[in-house]
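Reader: I am new to this structure and would be grateful for a close look at one part of it. Could you choose a pair of packed helices and take me slowly through what surrounds them?

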Amino acid sequence: MGNKLSGKDLIKLGFPKNNSINIALGQINRYRKREKKESILTEAKDVLLHPEKYEGNGTWGKVAEGLIKPVQVRMHQLKNTRAPFKIFGENEIDDQAKFQLYDSLKLPISVAGALMPDAHSGYGLPIGGVLATDNAVIPYGVGVDIGCRMSLSIFDLPASHFKGKEDQLEAILKDNTKFGMYETHASRVDHEVFYNSGFQDIPLLKNLLPKAYKQLGTSGGGNHFVEFGIAKIDNPENEWKLEKGEYFAVLSHSGSRGLGANIAKHYTYLATKQCPLPKNVQHLAWLDLNTHDGQEYWLAMNLAGEYAKACHDDIHRRIAKAIGKRVVVTIENHHNFAWKEMVNGQECIVHRKGATPAGEGQLGIIPGSMTAPGFIVKGKGNAESLNSASHGAGRLFSRAKCKSTFTQSEIKKVLKANDVTLIGGNIDEAPMAYKDITKVMANQTDLVEVLGTFTPKIVRMDR
């Protein structure tokens, strides 16, 4: 008896000659290959006899599903009509982003959609796209950086705290933040997120746990940043222990690092296999939430969201400790995620890919660029935008276009004119790459109320 499990071994046990054999072999070869063949065969026999016992199980759940009620793989066609939608700031949005939204609205699962005023084209859903679906989740509708989010910490320190402390504050940013693919903190910390049962129950996540542990409190590359700046509070909320005024604050933008990227890649692949679509919309392949993979992605996505929050919490904890002061107000929100929400009286999966949740009374932060203010906002709960708002200013120039359009000396001039110090940062994140945030905000007065602003002063990004 060879030591590698084969399809013949499973057929001998009595497995039907269908896809459940391929699924079983795929799972075992990926996650259980170091285990003895005999013990796996004993387990496989039990799965065959009692599949219902293994529903939702990390290794065998998909096999059990194949034995009880196999997922029907069939080509889906787009509908001829679009689900209802609304575009905010239509004149500022490129046609490609609109066409991407229109395609998504023709999916048989689509219920409603919206496009935010900072929208531009992306993969699958456009950036700034919001889509409500019926019991289905689109991995590319959430995005590759699951749980990409903003976090603002306001200290009970006046804005004048910057005066004469620029060098010291730059050093605090350099010492307490990590950027790029490989930088990690020398002093690791534990966090309750690592004890989430998903890390034990879902084999993919179990494999990713060491990487997630290593990358806690890091920020990655691209447009992610950690910056010191001035929070100007015009309309304080009652529960804030702050008067109107200008305060010292720190703002961070990043997501779930390698954990989220690997989850996105794995489940996007499964979605495209299970949900064949016409070529031009294959990025919009979805997972039915009644299937094993749909349920598993939902758990993994939520865990990646918790992990992204844990990363921000760790960054802010380190910085607050270095400053030696307590944070008095934290405002935070995801802007790459999916939520279960009511839309026109029906529970839907609302995907926000580069959009801020703006339900009634919901607080959020919408950044501008490194030389433009961000806005502290409170949602108005506008049903037409599916309770959403923009997630920033939105790009005017693609990354490639930035490299051929701008120079480092132009960027330095703009930074100097705005009294901003930049640590790291590439040409593709030039302040000029972004739309005018004041125009974007003017196009969403029906969506959010502005409570204050955040103006960057010392910005740290990947090199």
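Author: What follows is a walk around one pair of helices and then outward to some other parts of the chain.

The model is a predicted one, and the values below are computed from its atoms. Two packed helices are described by the angle between their axes and the distance between the axes. Here the pair is helix H10, which covers residues 257–274, and helix H11, which covers residues 292–323, and their axes come within 10 Å and cross at roughly 160°. An angle over 145 degrees counts as roughly antiparallel, and H10 and H11 are therefore roughly antiparallel to each other. The crossing in which H10 passes H11 is left-handed.

On the side of H10, the residues that take part in the contact are Arg257, Leu259, Gly260, Ile263, Tyr267, Leu270 and Gln274, and on the side of H11 they meet Asp293, Glu296, Tyr297, Ala300, Ala304 and Tyr307. Sorted by character, the residues of this contact between H10 and H11 comprise eight that are nonpolar, two that are polar and three that are charged.

A further helix, H4, is packed against both members of the pair. H4 spans residues 61–68 and is mostly covered, with six of its eight residues buried. Those buried residues are Gly61, Lys62, Val63, Ala64, Glu65 and Gly66, and they pack against H10 and H11 as well as against helix H2 (19–31) and helix H3 (37–49).

One residue of H11 shows this meeting with H4 in detail, namely histidine 292, which has its place in H11. Histidine 292 has a relative accessible area of 8%, and because buried means under 20%, histidine 292 is buried. Once its neighbours within four places in sequence are left aside, histidine 292 is in contact with Gly56, Asn57, Gly58, Gly61, Lys62 and Glu65, and Gly61, Lys62 and Glu65 are among the buried residues of H4.

H10 has a neighbour of another kind in valine 144, which is found in the loop between helix H6 (139–142) and strand E5. With its neighbours within four places in sequence left aside, valine 144 is in contact with Gly260, Ala261 and Ala264, and Gly260 is also one of the H10 residues that meet H11. Valine 144 has a relative accessibility of 39%, so it counts as partly exposed. Its C-alpha atom is separated by 21 Å from that of lysine 98, which is 46 residues away along the chain.

At the other end of E5 (149–158), the loop between that strand and helix H7 (166–176) holds lysine 165. Lysine 165 counts as partly exposed, with a relative accessibility of 27%, and although lysine 165 and isoleucine 146 are 19 residues apart in sequence, their C-alpha atoms are 36 Å apart in space.

The aromatic rings of the model can be looked at in a similar way. A pair of aromatic rings is described by the distance of the centres and the angle of the planes. With ring centres within 6.5 Å as the rule, the count comes to twelve aromatic pairs. In one of them, phenylalanine 194 and phenylalanine 199 have ring centres 6.3 Å apart and planes at 45°, so the pair is tilted, and both of these phenylalanines are buried. In another, phenylalanine 337 and tryptophan 339 have ring centres 5.2 Å apart and planes at 70°, so this pair is edge-to-face, and phenylalanine 337 counts as buried at 5% relative accessibility. Phe155, Phe162, Phe228 and Phe248, finally, form one aromatic cluster.

Key
Residues numbered from 1 in each chain as written. Predicted model: local features only at pLDDT ≥ 70, side-chain atom pairs only at ≥ 80, totals over all residues. Heavy atoms only, no water. Axes fitted to C-alpha atoms, helices over the stretch in contact; angles between N-to-C directions. Helix = DSSP H or I, 4+ residues; strand = E, 2+ residues; numbered from the N terminus. Parallel < 35°, antiparallel > 145°, perpendicular 65-115°, else oblique. Left-handed = near helix turned anticlockwise from the far one by under 90°. Contact = heavy atoms within 4.5 Å. Nonpolar A, V, L, I, M, F, W, Y, C, P; charged D, E, K, R; others polar. Phe/Tyr/Trp six-rings, centres within 6.5 Å; stacked < 30°, edge-to-face > 60°. Buried < 20%, exposed > 50% of the residue type's maximum accessible area, 1.4 Å probe, protein only.
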